[in-house]
Amino acid sequence: SAGGTQESIRHEVSGVLVDSPAQFTAELGRIIDDAAWREQLGDGALAMSHDFSWTKSVADFSRVLDSA
C-alpha cells in the first residue's frame, strides 16, 4: 500500500488497502458483488472525508510551524 493512501483510507472502514495484484482483484470483486459492503465502505469514506478540509490543514500546518 502506498503511503498517501494509508493516510486517507482506513482499511475496511473507508476502503481497502492491498499489497498485491491478486488482493486487488479479490477485493474489487468483493466490492462489485456485495452491495452492503460497498455501502458500508461508502459511508465510512464519507464520514472520514470530514477529517480533511483546508481549514483543518491550515490549522495543523500552523501547529507544526509554531512547534518548530
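S14 counts as buried in this predicted model, with a relative accessibility of 12%. Its place is in the loop between helix 1 (3–8) and helix 2 (21–33), so under the 20% cut-off for buried this loop serine is on the covered side. The chain around S14 is built from four helices and zero strands, and 12% of its 68 residues count as buried. Here's the rundown, starting with that loop.

**The loop between helix 1 and helix 2**

- The side chain of S14 reaches back to the backbone nitrogen of R10, at 2.9 Å.
- Setting aside residues up to four places away in sequence, S14 touches S8, I9, L41, G44, A45 and M48.
- Next along is G15, in the loop between helix 1 and helix 2 too, and G15 is buried because its relative accessible area is 9%, under the 20% cut-off.
- G15 is in contact with I9, R10 and L41, once its neighbours within four places in sequence are left aside.
- L41 turns up in the contacts of S14 and in those of G15.
- For G15 and L41, the C-alpha atoms are separated by 5.5 Å, while the two residues are 26 residues apart along the chain.
- E12 is found in that loop between helix 1 and helix 2 as well, but E12 is partly exposed, with a relative accessible area of 36%.
- The backbone of E12 is worth a look: its phi is positive, about 60 degrees, although E12 is not a glycine.

**Helix 2 and helix 3: E27 and W37**

- W37 lies in helix 3, which covers residues 35–49.
- At 7% relative accessibility, W37 is under the 20% cut-off and therefore counts as buried.
- Leaving aside neighbours within four places in sequence, W37 is in contact with E12, V16, E27, R30 and I31; one of these, E12, is the loop residue with the positive phi.
- E27 is found in helix 2, and this glutamate is buried, with a relative accessible area of 18%.
- That 18% sits under the 20% cut-off, so E27 counts as buried rather than partly exposed.
- Beyond its neighbours within four places in sequence, E27 is in contact with V16, V18 and W37.
- V16 appears in the contacts of E27 and also in those of W37.
- W37 and F24 are a pair to check in the viewer: 13 residues apart in sequence, they are 15 Å apart in space, C-alpha to C-alpha.

**Helix 3 again: L46**

- L46 lies in helix 3, and this leucine counts as exposed, at 54% relative accessibility.
- The cut-off for exposed is over 50%, so the 54% of L46 puts it in that class.
- From L46 to S14 it's 7.7 Å, C-alpha to C-alpha, for two residues that are 32 residues apart in sequence.
- So helix 3 holds W37, which is buried at 7%, and L46, which is exposed at 54%.

**The chain as a whole**

- Reading from the N terminus, the elements run α-α-α-α.
- The radius of gyration is 16 Å, whereas a compact globule of 68 residues would have one near 11 Å.
- Taken along the principal axes, the C-alpha atoms fill a box of roughly 50 × 25 × 15 Å.
- Among contacts with a separation of 6 or more, 46% come from residues 24 or more positions apart.

**Surface and charge**

- The accessible surface of the protein chain is about 5,200 Å², and 60% of that belongs to carbon and sulfur atoms.
- On the charge side, there are 5 positive and 11 negative side chains.
- The centres of those two sets of charges lie 4 Å apart.

Conventions: Residues are numbered from 1 along each chain as its sequence is written. This is a predicted model: local features need pLDDT of at least 70, side-chain atom pairs count only at pLDDT 80 or more; totals for chains, interfaces and linings use all residues. Side-chain values use heavy atoms; hydrogens and water are left out. Helices (H or I, at least four residues) and strands (E, at least two) are DSSP runs, numbered from the N terminus. The radius of gyration is taken over C-alpha atoms; the globule rule is 2.2 Å times the number of residues to the power 0.38. Buried means under 20% relative accessible area, exposed over 50%, partly exposed in between (1.4 Å probe, protein chains only). Contact means heavy atoms within 4.5 Å. Accessible areas come from the Shrake-Rupley method with a 1.4 Å probe; for residues, only the protein chains shown count as cover. Lys and Arg count as positive and Asp and Glu as negative; His and the chain ends are not counted. The place of a charge is taken as NZ of Lys, CZ of Arg, CG of Asp or CD of Glu. A polar contact is a pair of N or O atoms within 3.5 Å; within protein, one must be able to donate a hydrogen and the other to accept it, and residues adjacent in sequence count only if both atoms are side-chain atoms.
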